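Biologist: Please show me the model, and then I will ask about it piece by piece.

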Amino acid sequence: LPRDSRLTTDLYFSPTGGKLPTKRIDRKTHQLECLANEVIALAKPGHIIVDFCSGTGHLGILLAFLLPKCTIYLLENKEESQQLAMDRVRRLGLKNVVYFRCNLDYFKAPFDIGVSLHACGVATDIVLEKCFAHRAKFVCCPCCYGKLYEFDRIRYPRSRVFQESELLLKEYLCLAHCADQTHDLDNSRTNVEKSHQGFYCMDIIDKDRLLQAEELGYSVTHKRLKPENCTPKNRLLIGTL
């Protein structure tokens, strides 16, 4: 995305409009650019794109501006966050945004592309389940691996390949917990070692997710956000049909 675009010059398009702390704005901007570029490559006119766990609308509002021929659903369960997103959309005059204030489980509408930026823990797997159910493409950047837990619909491991490996649930959740031990690589040697271990565990958990998608007929890609230091949780899962 061009640096002189409204992404960086307009208050309400930039992360600043979502009341993000100043020290996080540059990193958030890189994250948004990476996901937006991937979605743009997949989107077609008339597509419905759902920004799951949309918060104050950082990603969804950017997509609504860049893809005026698509409809963007902002799905968020916190009233205060959604009110701020609605205010940003109103000030920008965007006409292709629809709001849903509910938990992930209650969202049933059909869509074409599902996106999520740092959906916490099991929320990423619920987003993927929604995409699978509607045969929708997905662009997901997971977060908080250590907060994975099982409930009636979500079981771990996710893929048949991992299930047949006889990996125990407690071992799987231990890997997920270790995936959260990521730090800036510029810190101490101990943190660097833990970070590399954490990144390795992140890739294991995400490999399981992508294998499940492949088993359901998706073509998948496992990328990293650029620059990689824009966030320790920099893995990007992409699925197409």
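Modeller: This is a predicted model. We can begin with the salt bridges.

Biologist: How many salt bridges does the structure hold?

Modeller: Side chains of opposite charge can pair when their charged atoms come close. In this predicted model, the count of salt bridges comes to 14.

Biologist: Where do arginine 90 and aspartate 87 sit relative to each other in helix H4?

Modeller: Their side chains meet in a salt bridge, at 2.6 Å from N to O. Arginine 90 is exposed at 57% relative accessible area, and aspartate 87 is partly exposed at 21%. The two are three residues apart in helix H4 (residues 79–92), so their separation is about one helical turn.

Biologist: Which arginine also meets aspartate 87 in a salt bridge, at 3.0 Å?

Modeller: The residue is four places from aspartate 87 in helix H4, so about one helical turn separates the two. Its relative accessible area is 47%, which means that it is partly exposed. The side chain that meets aspartate 87 at 3.0 Å, N to O, is that of arginine 91.

Biologist: How many residues apart are arginine 235 and aspartate 203?

Modeller: These two form a salt bridge, with the closest N and O atoms 2.9 Å apart. Arginine 235 lies in strand S7 and aspartate 203 in helix H8 (residues 189–215), so the pair links distant parts of the chain, at a separation in residues of 32.

Biologist: Is arginine 235 buried or exposed?

Modeller: Its partner aspartate 203 has a relative accessible area of 23% and is partly exposed. Buried means under 20%. Arginine 235 has a relative accessibility of 2%, so it counts as buried.

Biologist: What is the order of the strands in the open sheet?

Modeller: Strands S2 (residues 71–75) and S3 run parallel and are joined by four bridges, with leucine 74 having tyrosine 99 in S3 as its bridge partner. Strand S5 (residues 137–143) pairs with S7 in the antiparallel sense over three bridges. The sheet has seven strands with mixed pairing, in the order S3-S2-S1-S4-S5-S7-S6.

Biologist: Which strands stand at the edges?

Modeller: An edge strand here has a single partner strand, so one side of it is left without a neighbour in the sheet. The strands in that position are S3 (97–100) and S6.

Biologist: Which residue in S7 stands opposite serine 219?

Modeller: Strand S6 (residues 219–224) pairs with S7 in the antiparallel sense over six bridges. S7 (residues 235–240) is mostly covered, with five of its six residues buried. On the S5 side, valine 139 stands opposite isoleucine 238. Opposite serine 219 stands threonine 240.

Biologist: At about what angle does H4 run to S3?

Modeller: Helix H3 (residues 58–66) lies across strand S1 (48–52), S2, S3 and strand S4 (113–120). H4 lies across S2 and S3. Its angle to S3 is about 170°.

Biologist: Which element gives the most residues to the largest nonpolar core?

Modeller: That core has 40 residues, of which Phe52, Phe107, Phe111 and Phe138 touch the most other members. The elements giving two or more residues to it include S1, S2, helix H5 (122–133) and S5. With eight residues, the element that gives the most is H8.

Biologist: Why is the pair of tyrosine 73 and phenylalanine 107 called edge-to-face?

Modeller: A pair of aromatic rings is described by the distance of the centres and the angle of the planes. Planes over 60 degrees apart count as edge-to-face. The centres of these two rings are 6.3 Å apart and the planes meet at 75°, so the pair is edge-to-face.

Biologist: Which residues form one aromatic cluster with Phe107?

Modeller: Phenylalanine 107 is buried, with a relative accessible area of 2%. Phenylalanine 100 is partly exposed at 24%, and its pair with phenylalanine 107 is edge-to-face, with 5.1 Å between centres and 90° between planes. The residues that form one aromatic cluster with Phe107 are Phe52, Tyr73, Phe100 and Phe111.

Conventions
Residues are numbered from 1 along each chain as its sequence is written. This is a predicted model: local features need pLDDT of at least 70, side-chain atom pairs count only at pLDDT 80 or more; totals for chains, interfaces and linings use all residues. Side-chain values use heavy atoms; hydrogens and water are left out. Buried means under 20% relative accessible area, exposed over 50%, partly exposed in between (1.4 Å probe, protein chains only). Two strands pair if DSSP finds at least two bridges between them. A salt bridge is a side-chain nitrogen of Lys or Arg within 4 Å of a carboxyl oxygen of Asp or Glu. Contact means heavy atoms within 4.5 Å. Axes are lines fitted to C-alpha atoms, for helices over the stretch in contact, and angles run from 0 to 180 degrees between N-to-C directions. A nonpolar core is a set of buried Ala, Val, Leu, Ile, Met, Phe, Trp, Tyr and Cys residues joined through side-chain atoms within 4.5 Å. Rings of Phe, Tyr and Trp (its six-membered ring) pair if their centres lie within 6.5 Å; planes under 30 degrees apart count as stacked, over 60 as edge-to-face and the rest as tilted.
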